Amino acid sequence: MSISCTRNFFERFCVEEYNIDTIKHSSFLSADLLPSLGARINQSTKLRKHIISPFNPKYRAWEMWLVFLVIYSAWICPFEFAFITYKKDALFIIDNIINGFFAIDIVLTFFVAYLDSHSYLLVDNPKKITIRYLSTWFAFDVCSTAPFQPLSLLFNYNGSELGFRILSMLRLWRLRRVSSLFARLEKDIRFNYFWIRCTKLISVTLFAVHCAGCFNYLIADRYPNPRKTWIGAVYPDFKETSLWNRYVTALYWSITTLTTTGYGDLHPENPREMLFDIFFMMFNLGLTAYLIGNMTNLVVHWTSRTRSFRDTVRAASEFASRNQLPHDIQDQMLSHICLKFKTEGLKQQETLNNLPKAIRSSIANYLFFPIVQNIYLFQGVSRDFLFQLVSDIDAEYFPPKEDIILQNEAPTDLYILVSGSVNFIAHVDGQDQIQGKAVVGDMFGEIGVLCYRPQPFTVKTTELSQILRISRT
């Protein structure tokens, strides 16, 4: 009775501690804890009625639709801020329709389950979902969706328009969705990491160029003397020119400043513009360092594996030449290095080593148990023994014409052939003679291991072979 009471108290104590800790930290959780392709455990979880799973295909499609709207907002927001006067036109209607979509998403978020960082399970409690959302991004989402354009037309008094324009820039908060999308795509093995990363870097650069051009034009447009501005000095009547020409000129100034190829024609003419250019060029220092650093890492990662392979081959060739090794041994060394390079992308052993022992045993049992149980040496033994034996097996690849066992060497392992074939070779009267051949499902090396005597044959592969190695111990 005392043991049962103690266990019940301990379980209740753990649950209470867990709930307190979850409430304390849930406001800082991230939906990106689960990889894009990650385990399907949560994807098949049954949730409460009216609660939406974040892995639901329809909800994922809704998120992708919002990302496209965010891209539009990121472009139009600085553009409207600098170039366009608020009025009831087609653009005004489109902006308010898009705001309506994000308002729907705010309501929808109160019904979307989230991933708990401690239990790694989906939380579908409506109260917890509400508390989490209200304590994190709710206020920012509301501010970025508020209809400041209609309010600016409703309260149209002197000096109010610029204030509402500044508030409308809060729509750029939606860019966090694009950042989250790139974070998921970078972890998604279905997409090439190099091109996803390049797309992200190009997007950041284009957005910076677009925003800087719009803001710099706004300074010129609001300056008291239009002719004493960076664009007015070249085009005195720039306000009368087409919107397209003004926007292209602003982008031209921005990209020449970013690439440090200006200022030959367009340059600051007043203290406001000089001050803005100073901050923009300081920002460019950090942006350029970020771009160059990321591109360098991508290129180095792309080529490092090949460079390492070349260095290994060169070192092996120099070692063989320095020690005057026979050509057949040199060929075996280089063949082994080349095969290791080709199969390195499989990362078979690394993948298994990173898994818990129970999962490794399950994988080995699935892959190799049918082969091992048919070996003549293990006929009639218990299934439990075979399961333990299979769990300690190492799988290796060997290229063609490579020695696996040398005649008369000390016995350490026995081998099972999974794929390929090998020849048994004996050195008789100064010549190598083929004594036999092993095919898929055969064992070799067991005579030396079980009898603890020197290996009677040299075993050499005839083609690419996968072999299971079982330690004598």
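Ile-71 belongs to helix α2, which spans residues 57-83; helices here are DSSP runs of H or I with at least four residues, strands are runs of E with at least two, and both are numbered from the N terminus. The model is a predicted one, in which local features need pLDDT of at least 70 and side-chain atom pairs count only at pLDDT 80 or more, while totals for chains, interfaces and linings use all residues. Residues are numbered from 1 along each chain as its sequence is written, and side-chain values use heavy atoms, with hydrogens and water left out.

With a relative accessibility of 48%, Ile-71 is classed as partly exposed, a label for values between buried (under 20% relative accessible area) and exposed (over 50%), computed with a 1.4 Å probe and protein chains only. Together with Met-64, Trp-65 and Phe-68, Ile-71 makes up a nonpolar surface patch of about 400 Å² accessible area. Such patches consist of residues with over 30% relative accessible area and no salt bridge, nonpolar side chains (Val, Leu, Ile, Met, Phe, Trp, Tyr) being joined within 5 Å and like charges within 9 Å. The areas come from the Shrake-Rupley method with a 1.4 Å probe, and for residues only the protein chains shown count as cover.

Helix α2 also takes part in a pocket. The second largest pocket holds about 580 Å³ of space. Among its 22 lining residues, Leu-175, Val-178, Ser-203, Val-204 and Phe-207 are the closest to the centre. Two or more lining residues come from each of α2, α8 (175-187), α9 (193-222) and α10 (243-258), and α9 gives the largest share, with 9 residues. By class, the lining of this pocket has 17 nonpolar, 4 polar and 1 charged residues; Ala, Val, Leu, Ile, Met, Phe, Trp, Tyr, Cys and Pro count as nonpolar, Asp, Glu, Lys and Arg as charged, and the others, Gly among them, as polar. A pocket is defined on a 1 Å grid over the protein atoms alone, as an open set of points where a 1.4 Å probe fits, with protein on both sides within 12 Å along at least five of seven lines; lining residues have an atom within 4 Å of a point. Grid points are joined across faces, edges and corners, and the volume is the space filled by probe spheres set on the points.

Attention now turns to charged pairs. The whole structure contains 15 salt bridges, each a side-chain nitrogen of Lys or Arg within 4 Å of a carboxyl oxygen of Asp or Glu. One of them returns to α2: Glu-80 pairs with Arg-171, with 3.0 Å between the closest N and O atoms. Because Glu-80 lies in helix α2 and Arg-171 in the loop between α7 (160-168) and α8, this pair ties together parts that are 91 residues apart in sequence. Glu-80 and Arg-171 are both buried.

A further salt bridge joins Asp-124 to Arg-48, whose closest N and O atoms are 3.7 Å apart. Asp-124 sits in the loop between β2 (122-123) and α4 (126-134), and Arg-48 in the loop between α1 (2-25) and α2, so that the pair links distant parts of the chain, 76 residues apart. Asp-124 is buried at 16% relative accessible area, whereas Arg-48 is partly exposed at 44%.

Asp-237 and Arg-227 form a salt bridge with an N to O distance of 4.0 Å. Both Asp-237 and Arg-227 are exposed. Elsewhere, Asp-394, Glu-396, Asp-413 and Arg-469 are joined into one network by salt bridges that share partners.

Some backbone features complete the account. Gln-324, in the loop between α11 and α12 (327-343), has a phi near 55°, a positive value in a residue other than glycine. Gln-324 is exposed, at 72% relative accessible area. Lys-401 lies in the loop between β3 (394-398) and β4 (403-405), and its phi, near 60°, is likewise positive in a residue other than glycine. The relative accessible area of Lys-401 is 62%, which places Lys-401 in the exposed class.

His-301, in helix α11 (residues 271-322), is exposed at 62% relative accessibility. Its C-alpha is 9.4 Å from that of Phe-194, although 107 residues separate the two in sequence. Thr-473 follows β10 (465-471) and is exposed at 95% relative accessibility. Between Thr-473 and Val-449 the C-alpha distance is 9.4 Å, with a sequence separation of 24 residues.
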